Amino acid sequence: GRTVRPGPGTLRLYWPAETPGARRVPHASIIDRIESIPRRELYFFALYRILEAGVVAALVFSPLAELTAAARSHALAAWVACGYLVAALALLMLGRNERLLLPIVFGGTCVDILAVTLATHALPGVGAGLAMMLLFNVAAAAMMLPLRYGLAAALLASAALVLEYVWSMLAGASSGRPLAELSMFISSYLALAWLAHQIGQR
């Protein structure tokens with residue numbers, strides 16, 4: 001290492017010298033830089049997922065269903081609400097296993113995307129609200145995962161919106177959202193994923 005030698009009686013500072021040819025790992029995530037990520041972040045992420053599942057269930061089974069537009073498929077909405085709630089509770093319990101952080105975070109985000117896509121098709125009247133709620137899931141995943149996984153989650157969410165739009169068109173029903181809104185959500189997913197990952201580096 002290098003040594004700074006000031007006058008007598010002063011403090012000496014030491015720091016390691018850089019190793020020639022040392023390789024720096026780009027785009028390190030929180031999981032890469034912290035040996036054991038605090039469980040609090042994963043816990044609150046899982047709680048937010050339960051909140052999302054609860055909102056979907058409320059839109060299907062509670063009196064709130066009367067305040068929204070008619071469901072395109074009430075049976076599909078009911079199955080999605082029940083399945084999403086069970087999956088959210090399971091992910092809350094599995095989230096305590098620190099050895100499976102990456103598959104739990106990325107896999108849980110994929111579950112969120114699938115549930116929101118199916119719920120949007122079944123309940124087109126609240127599709128914009130569900131897509132906005134998914135913004136947090138994409139941002140949280142991008143903040144905790146390596147950049148390639150964060151961008152992959154954003155791309156999956158964007159592709160799911162496009163597929164649901166095409167699905168609605170092929171079924172002969174209106175998707176309930178213009179193309180301009182679809183493009184804004186896609187750009188928001190990608191931009192927010194990159195921004196959240198940059199914030200996670202700090």
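## Helix packing and surface of a predicted chain

Helices α3 and α4 cross in a left-handed manner; a crossing is called left-handed if the near helix is turned anticlockwise from the far one by less than a right angle, and right-handed if clockwise. The structure is a predicted model, in which local features need pLDDT of at least 70 and side-chain atom pairs count only at pLDDT 80 or more, while totals for chains, interfaces and linings use all residues. Residues are numbered from 1 along each chain as its sequence is written, and side-chain values use heavy atoms, with hydrogens and water left out.

### Overall composition

The chain contains 7 helices and 2 strands. Helices (H or I, at least four residues) and strands (E, at least two) are DSSP runs, numbered from the N terminus. Read from the N terminus, the order of elements is β-β-α-α-α-α-α-α-α. Of the 202 residues in the chain, 38% are buried. Here buried means under 20% relative accessible area, exposed means over 50%, and partly exposed lies in between (1.4 Å probe, protein chains only).

### Helix pairs

Two packed helices are described by the angle between their axes and the distance between the axes. Axes are lines fitted to C-alpha atoms, for helices over the stretch in contact, and angles run from 0 to 180 degrees between N-to-C directions. The axes of α3 and α4 come within 9 Å and cross at roughly 165 degrees. The helix α3 is therefore roughly antiparallel to α4. Angles under 35 degrees count as roughly parallel, over 145 as roughly antiparallel, 65 to 115 as roughly perpendicular and the rest as oblique.

Helix α4 (residues 101–122) also meets helix α6 (residues 147–170): their axes come within 10 Å and cross at roughly 15 degrees. These two helices are therefore roughly parallel to each other. The crossing in which α4 passes α6 is right-handed.

T109 is placed in helix α4. Is T109 buried or exposed? Its relative accessibility is 1%, so T109 counts as buried. The C-alpha atoms of T109 and L156 are 9.5 Å apart in space, although the two residues are 47 residues apart in sequence.

### Salt bridges

Side chains of opposite charge can pair when their charged atoms come close. A salt bridge is counted when a side-chain nitrogen of Lys or Arg lies within 4 Å of a carboxyl oxygen of Asp or Glu. By this rule the count comes to 2 salt bridges.

In one of them, D112 pairs with R49, and the closest N and O atoms are 2.8 Å apart. This pair links distant parts of the chain, with D112 in helix α4 and R49 in helix α2 (residues 39–61), 63 residues apart. Both D112 and R49 are buried.

R72 forms a salt bridge with E164, where the closest N and O atoms are 3.8 Å apart. R72 lies in the loop between α2 and α3 (74–94) and E164 lies in helix α6, so this pair ties together parts that are 92 residues apart in sequence. R72 counts as partly exposed because its relative accessibility is 28%. E164, by contrast, is buried, with a relative accessible area of 3%.

### Surface patch and helix α7

Which residues make the nonpolar surface patch of about 380 Å²? The patch is made by M143, W194, L195 and I199. Patches consist of residues with over 30% relative accessible area and no salt bridge, like charges being joined within 9 Å and nonpolar side chains (Val, Leu, Ile, Met, Phe, Trp, Tyr) within 5 Å. Accessible areas come from the Shrake-Rupley method with a 1.4 Å probe, and for residues only the protein chains shown count as cover. Helix α7 (residues 179–200) supplies the largest share of the patch, 3 residues.

The table sets out three residues by helix and accessibility.

| Residue | Element | Relative accessibility | Class |
|---|---|---|---|
| L195 | helix α7 | 43% | partly exposed |
| H197 | helix α7 | 1% | buried |
| R148 | helix α6 | 62% | exposed |

Two of these residues also take part in C-alpha distances across the sequence. H197 and L145 are 52 residues apart along the chain, and their C-alpha atoms are separated by 7.8 Å. R148 and W194 are 46 residues apart in sequence and 9.8 Å apart in space, C-alpha to C-alpha.
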